[in-house]
Amino acid sequence: MSTAPAPGPRDSKTPEPRRPQPKPALVFDDPLDQQSSDDTDRGWGERAPAGGSAADLARFLDEKPPHHI
């Protein structure tokens with residue numbers, strides 16, 4: 001009695017040789033020419049302007065300092 005698993009379809013194929021992955025290209029752009037996420041309102045956690053008085057009230061209540069409760 002053998003405890004080895006029976007050969008299946010996976011066992012009959014030979015593994016394909018791996019192709020070497022190309023190295024990523026070096027980028028010599030000036031990083032200061034690109035806008036970072038901190039340069040946007042979204043990067044500072046600001047919401048997109050939704051408009052309407054309900055949205056203004058929600059923003060006021062979310063941003064109210066704790067000593068104004």
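Is Gly43 buried, partly exposed or exposed, and at what relative accessibility? I'll come back to that in point 4; here are my notes on this predicted model.

1. Overall make-up. The protein chain has two helices and zero strands. Helix H1 covers 9–12, and helix H2 takes in residues 53–63. My remaining points deal with H2 and with the loop that leads from H1 to H2.

2. Burial and surface. Don't go looking for a core here: of the chain's 69 residues, 0% count as buried. The accessible surface adds up to about 7,700 Å², and carbon and sulfur atoms account for 56% of that.

3. The salt bridge. A search of the whole structure turns up one salt bridge. Its partners are Glu63 and Arg59, whose side chains meet at 3.2 Å, N to O. Both residues sit in helix H2, four residues apart, or about one turn of the helix. As a reminder, side chains of opposite charge can pair when their charged atoms come close.

4. Gly43. To answer the opening question, Gly43 counts as partly exposed, with 36% relative accessibility. That label applies because 36% falls between the 20% limit for buried and the 50% limit for exposed. Gly43 is placed in the loop between H1 and H2. Leaving aside residues up to four places away in sequence, Gly43 touches Ser37 and Asp38.

5. Arg59 beyond the salt bridge. Arg59, in helix H2, is also partly exposed, at 40% relative accessibility. Besides pairing with Glu63, Arg59 touches Glu46 and Arg47, again not counting residues up to four places away in sequence. Take Glu46: Arg59 and Glu46 are 13 residues apart in sequence, and their C-alpha atoms are 9.9 Å apart in space. So which of these contacts is a salt bridge? The one found in the whole structure is between Arg59 and Glu63, so the contact with Glu46 isn't counted as one under the 4 Å cut-off between nitrogen and carboxyl oxygen.

6. The nonpolar patch. Leu57, Phe60 and Leu61 make up a nonpolar patch on the surface. Together they have about 310 Å² of accessible area. Phe60, one of the three, is found in helix H2, the helix that also holds Glu63 and Arg59.

Conventions:
Residues are numbered from 1 along each chain as its sequence is written. This is a predicted model: local features need pLDDT of at least 70, side-chain atom pairs count only at pLDDT 80 or more; totals for chains, interfaces and linings use all residues. Side-chain values use heavy atoms; hydrogens and water are left out. Buried means under 20% relative accessible area, exposed over 50%, partly exposed in between (1.4 Å probe, protein chains only). Accessible areas come from the Shrake-Rupley method with a 1.4 Å probe; for residues, only the protein chains shown count as cover. Patches are made of residues with over 30% relative accessible area and no salt bridge: like charges are joined within 9 Å, nonpolar side chains (Val, Leu, Ile, Met, Phe, Trp, Tyr) within 5 Å. Contact means heavy atoms within 4.5 Å.
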